[in-house]
Each structure stands twice: as C-alpha cells, then as structure tokens.
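Subject: Structure handover

Hello,

Here is the structure I said I would pass on. My notes on it follow.

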Amino acid sequence: MAKYLIIEKYSTYDVISEIPVEGNESRKTVSTVKRLLKRIEETIDDEQSFGSCVTALAEYLGYDTRPDHINKLFKTISDTSFHVAFEADKYKHIAITFHSSKGLEFEQVIVFAEDYRLSDMSSIYNHYVAVTRAKSKLIIVKLNNYNANCFQNNLQKIFSESGHNIEDVVLF
C-alpha cells in the first residue's frame, strides 16, 4: 500500500502481484482493487477516511486490519521523512530485508548464512528471494555458529542431490 502511494511508477498490478493468493488477477479483481486504491488516494489528507478506505480494501482482499497498523501506514504516507525507505534506487548502499527486496535487483547482495538454515521450504524460499536479487555478485557471510553450519551442510546436501559440487560455485 505504501509503495503504491509513494512510488510514482508502482501500479495496481504491482499491488496485486504482492498479494499472497496467486491467480486472483481477474478483470473484476483488478478493476475493484483499482477503484479501492483510487479511493485511498483521494483520502490521503483525511486520516479517518483514509483508514476506512484502507479497511475496505483489506476486507475485499480477505485481510484483517488493526487500527495501529493503519495509523502507522497513514503516518508513513503523510510524513515524507519516511519516504526514503521507498527510494532505494537513489542510494549507493542500502540495507533492507528480503521481504522488502522482492522484485528489486542490486549489483551486489550480502546475506548471512545463519539467517537461512535451509532446513524447511520457508527457509529455502526466503533464501532464494534474497540471493536472486544479486545482478553480479552475491556474498554469503558465514560465521562459525550452529545456524550457519546448518546452512552450509544443507546447501552442500542440496548441491549433492542435484549432481553438482558446491566448490564449483562457492569460495570458502
């Protein structure tokens, strides 16, 4: 929602692509989301109306809302000092979560092995999202701790099961 209201080229389709339920891009859905987003844009100067419109969109999409979250969203939209978080392309170096990086690319990405044990599908998916943001260089920092060691062991296992050697792509 904040991206749509702050980033000039962020479209209704971008909003829909971030909705976890895939395949829900029918014309009716697109036109309804577009209409509800337009109402939100029109109420950007009135916190109460803004909250009602955001709640209407959330309900249409099947989400629950909390007043404190809507208040934080309104503050983020209203206070331009928060907009810097949505203008990553203006800065040479940034640090963001992999959730925020979805759909973006960077010349170099640095991740920490201990953040991804690769022991379940959620961890594997999150690692995939993080590492596929790199255009030319990926750096994985591995400390000597339990989670980082699990990452290395599971990564070696994944490579082995696919008939590849981890040493062919990784410098230790």
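**Pockets, surface and contacts**

The lining of the largest pocket is made up of 21 nonpolar, six polar and eleven charged residues. Please keep in mind throughout that this is a predicted model. The largest pocket holds about 1200 Å³ of space. It is lined by 38 residues, and those closest to its centre are Met1, Ala2, Lys3, Tyr10 and Glu18. Four helices each supply at least two residues of this lining: α1 (2–6), α2 (12–17), α4 (47–61) and α5 (67–78).

The second largest pocket has a volume of about 550 Å³. Its lining counts 22 residues, with Ile94, Ala95, Gln108, Val109 and Ile110 nearest the centre. By type, the lining of the second largest pocket divides into 13 nonpolar, four polar and five charged residues. Both α6 (98–101) and β1 (106–112) supply at least two residues each. The most comes from β1, which gives seven residues to the lining of this pocket.

Ile94 appears again on the surface, in a nonpolar patch with Val84, Tyr91, Ile96 and Leu104. Together these residues have about 390 Å² of accessible area. Within the patch, Tyr91 sits in the loop between α5 and α6. Tyr91 counts as partly exposed because its relative accessibility is 39%, and partly exposed covers the range between the 20% limit for buried and the 50% limit for exposed.

The loop between α5 and α6 also contains Ala88. Is Ala88 buried or partly exposed? With 19% relative accessibility, Ala88 counts as buried, since the cut-off for buried is under 20%. The C-alpha atom of Ala88 is 9.6 Å from that of Ser101, and the two residues are 13 apart along the chain.

On charged contacts: side chains of opposite charge can pair when their charged atoms come close. In this model the count is two salt bridges.

- Asp68 pairs with Arg66, and the closest N and O atoms are 2.9 Å apart. Both partners are partly exposed: Asp68 has a relative accessibility of 30%, and Arg66 has a relative accessible area of 47%.
- Lys135 pairs with Glu107, with 3.4 Å between the closest N and O atoms. Lys135 is in strand β2 (residues 134–141) and Glu107 is in strand β1, so this salt bridge ties together parts that are 28 residues apart in sequence. Here too both partners are partly exposed, with relative accessible areas of 48% for Lys135 and 47% for Glu107.

One backbone point remains. Most residues other than glycine have a negative phi. Which way does the phi of Leu118 go, positive or negative? Leu118 has a positive phi of about 60°, although it is not a glycine. Leu118 is placed in the loop between β1 and α7 (121–131). With a relative accessibility of 6%, Leu118 counts as buried.

To recap the places to look at: β1 contributes seven residues to the lining of the second largest pocket, and Glu107 in β1 forms a salt bridge with Lys135. The loop between α5 and α6 holds Tyr91, which is partly exposed, and Ala88, which is buried.

Regards

Methods:
Residues are numbered from 1 along each chain as its sequence is written. This is a predicted model: local features need pLDDT of at least 70, side-chain atom pairs count only at pLDDT 80 or more; totals for chains, interfaces and linings use all residues. Side-chain values use heavy atoms; hydrogens and water are left out. On a 1 Å grid over the protein atoms alone, a cavity is a set of points where a 1.4 Å probe fits but cannot get out, and a pocket is an open set with protein on both sides within 12 Å along at least five of seven lines; lining residues have an atom within 4 Å of a point. Grid points are joined across faces, edges and corners, and a volume is the space filled by probe spheres set on the points. Ala, Val, Leu, Ile, Met, Phe, Trp, Tyr, Cys and Pro count as nonpolar, Asp, Glu, Lys and Arg as charged, and the others, Gly among them, as polar. Patches are made of residues with over 30% relative accessible area and no salt bridge: like charges are joined within 9 Å, nonpolar side chains (Val, Leu, Ile, Met, Phe, Trp, Tyr) within 5 Å. Accessible areas come from the Shrake-Rupley method with a 1.4 Å probe; for residues, only the protein chains shown count as cover. A salt bridge is a side-chain nitrogen of Lys or Arg within 4 Å of a carboxyl oxygen of Asp or Glu. Buried means under 20% relative accessible area, exposed over 50%, partly exposed in between (1.4 Å probe, protein chains only).
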